[in-house]
Protein chains: 2
Amino acid sequence: MAQIRDVARRAGVSPATVSRAFSDPAKLSKDTLARVLAAATDLKYKPSSLAQLFREKRTNTVLVMVPDIANVFFARVVSGIERGAVESKLNLVVSDTGDDMDIERVGIEMVQTYRADGLIQLGERPLNELLPNEEHAQIPFVQAISADPRGAYPTVGIDDRSSSAMMARHLIAQGHRRIGVIAGLQNRLVTQERLKGIKDAIADAGLDFDDTIVEYAPYSMGGGEQAAQRLLSRARHLTALFCMSDEIAIGAIRAAHDLGYDLPGDLSISGFDNIEFGKYCTPPLTTVMQPAEKIGEVAMALMSDMLTGQDMPVVHEMLPTELVIRSSVQNICGE
Amino acid sequence: MAQIRDVARRAGVSPATVSRAFSDPAKLSKDTLARVLAAATDLKYKPSSLAQLFREKRTNTVLVMVPDIANVFFARVVSGIERGAVESKLNLVVSDTGDDMDIERVGIEMVQTYRADGLIQLGERPLNELLPNEEHAQIPFVQAISADPRGAYPTVGIDDRSSSAMMARHLIAQGHRRIGVIAGLQNRLVTQERLKGIKDAIADAGLDFDDTIVEYAPYSMGGGEQAAQRLLSRARHLTALFCMSDEIAIGAIRAAHDLGYDLPGDLSISGFDNIEFGKYCTPPLTTVMQPAEKIGEVAMALMSDMLTGQDMPVVHEMLPTELVIRSSVQNICGE
DNA sequence: CCTTGCAATGAAACCGGTTGTATAGAATGC
DNA sequence: GCATTCTATACAACCGGTTTCATTGCAAGG
């Protein structure tokens with residue numbers, strides 16, 4: 001591959017001039033510029049990014065750590081981040097961490113060793129659990145989705161508590177009183193927040209929350225299926241199931257089907273996220289829309305701001321959610 | 001951040017010695033090594049990857065071009081590639097190209113400018129459509145999934161034709177004679193190959209292929225839904241629908257439901273890919289299992305071989321597929 | 001005792017760009 | 001017409017490691 005020297009020699013100028021021909025063409029005379037560009041095209045010259053990056057000590061690359069890229073919800077957020085990256089002319093490295101702390105630490109090391117300029121974390125593990133002391137202050141960091149919005153770094157997500165309450169209110173308004181909950185993993189912040197939202201709504205309606213009809217499950221279809229089996233065989237007279245993700249809900253639908261329930265007549269089921277498959281379920285899933293792509297875009301925009309050095313205040317963006325009403329939740333007021 | 005000079009000074013050695021302490025510790029005396037390592041830890045020294053990569057002129061990074069990362073099937077392949085990357089100690093950059101030639105060209109440029117060492121293409125666009133002349137000979141390139149297995153570069157995928165024939169034979173064996181086809185995009189190689197497979201099976205069974213009951217659609221749920229609507233309202237007496245992807249099949253199930261079909265009694269539907277959601281459909285989807293993760297792993301293994309400079313013959317791996325029988329296809333022999 | 005060989009280490013070149021500073025020539029001002 | 005300013009370009013340092021080659025010191029061999 002041709003180098004800057006080769007182009008310089010062919011155009012009869014110095015390497016510095018060739019460099020400027022690309023970075024600041026206005027500085028050159030029309031004549032020289034034309035000669036340099038011609039030489040560059042002739043030799044098919046492409047500047048080595050490696051050399052440029054080394055010189056400038058920035059990679060223009062952002063590392064995204066995703067707990068599971070095969071999860072459709074995360075994949076959509078990553079899509080949004082991608083869009084934002086293109087807009088900010090940044091590159092993207094996606095790392096599937098499998099929620100493993102050691103892999104996340106490797107990611108941090110990539111920033112420390114100049115392989116990436118910043119870090120977007122989609123998991124909920126805060127930076128200070130990964131890094132000792134104050135080292136993290138130097139790392140441009142944005143946390144998306146299930147972040148604690150009181151941390152020292154910017155976060156983007158939704159208001160889990162109120163969004164969850166919104167759905168719970170909907171279920172109550174449809175006449176449901178005994179609402180089983182299939183929550184996500186118990187130790188997760190999201191899970192706790194959404195649970196609080198449900199309790200809020202139930203308390204507001206003057207009802208009592210029955211915590212014996214809560215099951216915890218991994219955020220997956222298989223997890224939802226098993227948890228629903230457990231819950232449905234244990235608790236009687238449930239009229240609705242509040243699932244903390246669409247995948248959990250889809251698993252729950254399968255379980256209910258297999259146990260002989262006629263859906264949605266015998267049992268209403270609600271989800272959370274609004275993944276595309278929800279629309280194609282039988283019955284189509286009533287759920288809470290999370291603006292996944294938008295979350296990604298905003299996360300990237302925040303990162304871009306941090307990298308361009310503007311000393312921004314630490315913001316915690318909460319994007320609006322919406323109730324998506326389809327037919328998996330039925331009105332049982334008439335009964 | 002501390003540099004090699006700082007460590008050298010603190011340990012009372014030259015930078016060369018520090019460098020060797022990490023790359024080839026056996027070359028140093030026990031005493032010096034210990035001193036250097038101590039100094040490095042004290043100063044929290046991390047060598048700048050940027051400088052190392054620049055020196056070595058390789059990034060240890062592979063670029064993966066995906067037409068749509070939010071597509072679960074692709075996401076699974078990427079997962080497999082990730083696993084392979086970890087194993088080969090390579091980094092991964094994932095680019096969602098949206099099947100756009102210009103974005104793919106940018107990807108190629110990343111290799112040409114030393115930002116990535118090689119390229120894995122998940123789309124079906126061959127390299128020689130993207131690059132003029134013989135330039136592509138220099139680019140380590142592996143094409144996965146829907147590649148033409150006669151090209152000049154390695155490919156990994158399945159035998160689309162025979163896998164498709166396998167499913168078609170299954171439908172025929174279950175008594176189906178009028179089988180509608182919801183194919184993918186017409187101009188795609190995969191689509192054509194899978195269509196050939198269907199024709200093979202139909203011919204082998206001594207039947208005639210009716211190409212008026214074929215509809216083409218994008219490889220998506222929405223595409224499948226619309227195509228199924230068109231086909232079902234146009235063609236009468238179909239007993240089965242051969243869908244070229246699970247997403248298409250899921251869309252078709254929705255369409256058939258909405259048109260009042262009782263599934264699978266009135267109509268059998270088959271998919272292709274074996275994505276996780278297929279198991280949770282109503283009815284659960286009969287499909288062809290593609291080893292998505294495995295395809296990714298093999299693709300990365302081939303790439304790793306190419307990069308370690310072993311002059312391998314150009315291989316075209318065809319991984320085995322399997323029929324996954326669930327209940328969306330019914331036996332109608334008794335009728 | 002002198003030569004040879006090897007182990008341990010340092011000096012300096014190098015990777016391929018970018019950029020601050022110097023310089024030559026042209027244009028402008030009085 | 002000479003001093004001044006500006007424009008276009010070249011020179012050389014620099015980014016932070018790695019690696020080649022040279023050098024030193026010590027052990028082994030003749």
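In this predicted model, helix H1 (4–11), helix H2 (15–23) and helix H4 (49–56) of chain A, together with helix H2 (15–23) and helix H4 (49–56) of chain B, each supply at least two residues of the surface near DNA strand C. The largest share of that surface, five residues, comes from H4(A). The points below turn from the DNA surface to a recorded domain and then to two helices, one in each chain.

**The surface near DNA strand C**

- Of the 27 residues around DNA strand C, those that come nearest are A:Ser19, A:Arg55, B:Thr17, B:Thr32 and B:Lys57, and of the atoms of the strand that come within 4 Å of the protein, 57% belong to sugar and phosphate.
- Sorted by residue type, the surface near DNA strand C divides into ten nonpolar, nine polar and eight charged residues.

**Polar contacts with DNA strand C**

- A:Arg55 is placed at a base, with an N or O atom of its side chain 2.3 Å from a base oxygen of DNA strand C.
- Two other side chains are placed at phosphate oxygens of DNA strand C: a polar side-chain atom of A:Gln52 lies 2.8 Å from one, and a polar side-chain atom of B:Lys57 lies 2.4 Å from one.

**A recorded domain in chain A**

- An unreviewed UniProt entry lists residues 2–56 of chain A as "domain: HTH lacI-type".
- Over these residues of chain A the model is 69% helix and 0% strand, and the C-alpha atoms at the two ends are 21 Å apart.

**Helix H10 of chain A**

- Helix H10 (residues 221–234) of chain A has 14 residues and reaches 20 Å from its first C-alpha to its last, which is close to the 20 Å expected at 1.5 Å a residue.
- The buried residues in H10(A) include A:Met221, A:Glu225, A:Ala227, A:Ala228, A:Leu231 and A:Leu232, and among them are also the glycines A:Gly222, A:Gly223 and A:Gly224.
- The cover over the buried residues of H10(A) includes strand E6 (179–183), strand E7 (214–216), strand E8 (240–243) and helix H11 (246–258) of chain A, and it also includes helix H12 (277–280) of chain B.

**Helix H5 of chain B**

- The end C-alpha atoms of helix H5 (residues 72–87) of chain B are 23 Å apart, which agrees with the 22 Å that its 16 residues should span at 1.5 Å a residue.
- H5(B) is mostly covered, with 13 of its 16 residues buried.
- At the start of H5(B), a side-chain oxygen of B:Asn71 reaches to within 2.8 Å of the backbone nitrogen of B:Phe73, while just after the helix B:Lys89 takes a positive phi of about 55°.

Technical notes. Residues numbered from 1 in each chain as written. Chains lettered and ligands numbered in written order. Predicted model: local features only at pLDDT ≥ 70, side-chain atom pairs only at ≥ 80, totals over all residues. Heavy atoms only, no water. Near = heavy atom within 4 Å. Polar contact = N/O pair within 3.5 Å; in protein donor to acceptor, adjacent residues only side chain to side chain. Helix = DSSP H or I, 4+ residues; strand = E, 2+ residues; numbered from the N terminus. Nonpolar A, V, L, I, M, F, W, Y, C, P; charged D, E, K, R; others polar. Expected span 1.5 Å × (residues − 1). Buried < 20%, exposed > 50% of the residue type's maximum accessible area, 1.4 Å probe, protein only. Contact = heavy atoms within 4.5 Å. UniProt positions renumbered as here; feature names shortened; annotations may be inferred.
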